[in-house]
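User: Hi! I'm new to reading protein structures and would like to learn with an example. Could you walk me through one?

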Amino acid sequence: MSSGAADLRQRKKQNCSESDKMAPEERNKENSKLGRAPKYLLIQRFAKLFFGCLAAVTSGMMYAVYLSTYHERKFWFSSRQELEREITFQGDSAIYYSFYKELLKAPSFERGVYELTHNNKTVSLKTINAVKQMTLYPELIASVLYQASGSEEVIEPVYFYIGIVFGLQGIYVTALFVTSWVMSGTWLAGMLTVAWFIINRTDTTRIDYSIPSRENWALPYFACQVAALTGYLKKNLNCSAEKFCYLLVNASTYTFMMMWEYSHYLLFVQAVSLFLLDSFALAQTEKVHEVYRIYLFSVIVGYLLQFENSALLVSPLLSLVVALMLSKSLQMNMKKSTFVSRLLKIMYIYLVLTVAVTLNFLLKMFIPHKENGHLLKFIEVKLGLNTTKNFTMNWLLCQESLQAPSQDFFLRLTQSSLLPFYILVLIICLFSVTQVIFRRICGEPLKETVKLEDGRIGERPEIVYHVIHTILLGCLAMCLEGMKYLWTPYVCMLAAFGVCSPELWMTLFKWLRLKAVHPILLALILSMAVPTIIGFSLWKEFFPRIMTELTELQEFYDPDTVELMTWIKRQAPVAAVFAGSPQLMGVIKLCTGWMVSSLPLYNDDDLLKRNENIYQIYSKRSAEDIYKILTSYKANFLVIEDSICNEVGPVRGCRVKDLLDIANGHVVCEEGDNYAYSKYGRFCHEIKMNYSPYVNYFTRVYWNRSYFVYRINTVISFQS
């Protein structure tokens, strides 16, 4: 097939020695044509690179300062006591930060790591490897940097911790800037990317809600990997730049995998994008397979350093990469001109998918794994293929991040002009890519160098990769609102690239066949005028809002939680174990250090079962049943939250007590609300009445407007 010959020519062209020999000749030809001295061109390129890098770094630093200032205004962070600051970390964020505190309190770093890997002071009756189970490598790195840099006498631990996270967000923005710059050739696209990213901050990042979350640590490294991959896929790249991009892809891929337990799923989406890119012969095969080797290396090293994490071995990423490498070896061993080789080329996609699915099935059969075992059940219920009364599954389905995106999400993107321009750019790129694929099927080879007047933006492999990648991420975002934080940043980048790229406008004018105006001149004008107009309109409408955010003092104060934590630290025994909602248990663990019976983590079957059992305090169960559940986990104190007990949720059927009633068979939600018989009232209500048998099992020791704390009596005997 001619595609094979084209790939061979491209691979030869990428040989570093050949490119080094050809580069001076090409430069001399250009210089002779333009009548300019090489030194002048060198100074011009250096100035463009210098000011572009300066703009990228400045944008990242300004965004980090903006986040820090906004965080200070929102929580009055500097004027709070340590306990009040820690309360701002909620749910799983509180757990992550609590382990950072424990590392700093340890007599040595080695001792601290050992205590985390053999942790029996967090969850009652359970010894866990917290580093493996909760992916605590960010906390390990932060604690090492804090102690090694001698920051103990300069800055408080909490400021050092959130400062690193805000700094990573600055790197995130810088990486998006560079990606858009590399694709469009102008750093004006990077400026527009940053503007759209900040304006749509509620949809591009969840840094406001949970600073220590794993994705806030990991996604900046993924953005760096995407930027490096964009440069690596470019044609006619010189040898030194190619090596730099390759090394950066290596380092950022591995680091990303170590920072987030779900990183391999996102890398799988990226691998699918590269697979489709290679299948249609739109990129150099050798480069794509080098990236596959990087994936394989990262999975193997990640498996070893994450205490033999079996989730990586049964991940779809590993199965796909191995299938791709096996399929490639089969193709290479076949004679290029035979009928079988052509048939294999046609069935390449089917072959890879079949091998990947089969391999993943076999790995799951022979490798014991428990992590994320509920994921398949969740997908079945989410797609309507199955129904369940399971409390945990229904509770997850009710979470806002796992719902389909609301209309407000699309309205916000439209108001900032991001969505209309993204759709325009995507349509043009898709049509151009479709044309290129059709030409490849007809046997027409790709051009080695695409000029501006050609109007073939779909022949640039880095552009095709981003088009496929953003479509796949967009499909996920349309199903789960939580996925919008992965998709929207690249929407900003792709839209900014498109409006600033003369090649995209030239592609459009080629289709329209403009004759009245010179299309190249018009493309150059629009690539400068359109982003300038967008920038001024965004500045006029949204800059005052951003400044208002930074100047207004918001009040965040939770006196009831502060009082509860203070009482626990002063009155509760050191060896006490607390039971309650997982979200509150995370805060208690962070603020007091006391042991808890459950944690707000959803990647462990045992913890999920514990959470469901302890949530029974809000169900219609007897005092004896609840007592047996709590004592089975050696709990000494029970904390009931009035906000859950008297919850009035916006979606009926998604409140905790509703889900418990469904799971326990106390209510059947079909055509109407038909309540089944239960001779017990709701436990969280009945226990407040202080009558028998509740007072026999539980003794109220503290209460305020939001929380009721009960000591679990130990001198109760049950008669069979």
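User: How many salt bridges does the structure hold?

Analyst: Let's begin with the general idea. Side chains of opposite charge can pair when their charged atoms come close. Now the case here: this is a predicted model, and the structure holds 25 salt bridges.

User: Which residue forms a salt bridge with Arg214?

Analyst: That partner is Glu139, and the closest N and O atoms of the two are 2.7 Å apart. Look at where they sit: Glu139 belongs to helix 8 (residues 137-148) and Arg214 to helix 12 (residues 214-233). With their positions 75 residues apart, the pair links distant parts of the chain.

User: Is Glu139 buried or exposed? And what about Arg214, buried or exposed?

Analyst: To read this, check the relative accessible area: under 20% counts as buried. Glu139 has 0% relative accessibility, so Glu139 is buried. Arg214 is at 3%, so Arg214 is buried too.

User: What separates Arg293 and Glu290 along their helix?

Analyst: They are 3 residues apart in helix 15 (residues 285-305), which means about one helical turn lies between them. Their side chains meet in a salt bridge, at 2.8 Å from N to O. Arg293 is partly exposed at 36% relative accessibility, and Glu290 is partly exposed as well, at 23%.

User: Where do Lys628 and Glu624 lie?

Analyst: Both are in helix 31 (residues 623-632), 4 residues apart, again about one turn of the helix. These two form a salt bridge, with the closest N and O atoms 3.4 Å apart. Lys628 is partly exposed, at 42% relative accessibility, and Glu624 is partly exposed, at 29%. Elsewhere, salt bridges with shared partners join Lys126, Asp604, Asp606 and Arg610 into one network.

User: Let's try a single residue now. Which helix holds Thr354?

Analyst: Thr354 is found in helix 19 (residues 348-366). Its relative accessible area is 34%, so Thr354 counts as partly exposed. A polar atom of the Thr354 side chain lies 2.7 Å from the backbone oxygen of Tyr350. You can also look for residues brought together by the fold: Thr354 and Ala323 are 31 residues apart along the chain, and their C-alpha atoms are separated by 8.4 Å.

User: Which residues does the "transmembrane region" annotation cover?

Analyst: Here we turn to a record. The unreviewed UniProt entry gives this annotation to several stretches, among them residues 49-70, 295-326 and 347-367. You can then compare such a stretch with the model. Residues 49-70 are 100% helix and 0% strand, with the end C-alpha atoms 31 Å apart. Residues 295-326 are 81% helix and 0% strand, and there the end C-alpha atoms are 15 Å apart.

User: Where is confidence lowest in the protein, and where is it highest?

Analyst: For this we use pLDDT, the predictor's confidence in each residue. The mean pLDDT of the protein is 85, and 86% of its residues reach 70 or more. Confidence is lowest in helix 1 (residues 2-13), at a mean of 42, and highest in strand 1 (residues 577-579), at 96. Over residues 17-37 the pLDDT is below 50, and this stretch has 11 contacts in the model beyond near neighbours in sequence. Residues 333-338 also stay under 50, with 7 contacts beyond four places in sequence.

Conventions. Residues numbered from 1 in each chain as written. Predicted model: local features only at pLDDT ≥ 70, side-chain atom pairs only at ≥ 80, totals over all residues. Heavy atoms only, no water. UniProt positions renumbered as here; feature names shortened; annotations may be inferred. Helix = DSSP H or I, 4+ residues; strand = E, 2+ residues; numbered from the N terminus. pLDDT = per-residue confidence, 0-100. Contact = heavy atoms within 4.5 Å. Buried < 20%, exposed > 50% of the residue type's maximum accessible area, 1.4 Å probe, protein only. Polar contact = N/O pair within 3.5 Å; in protein donor to acceptor, adjacent residues only side chain to side chain. Salt bridge = Lys/Arg side-chain N within 4 Å of Asp/Glu carboxyl O.
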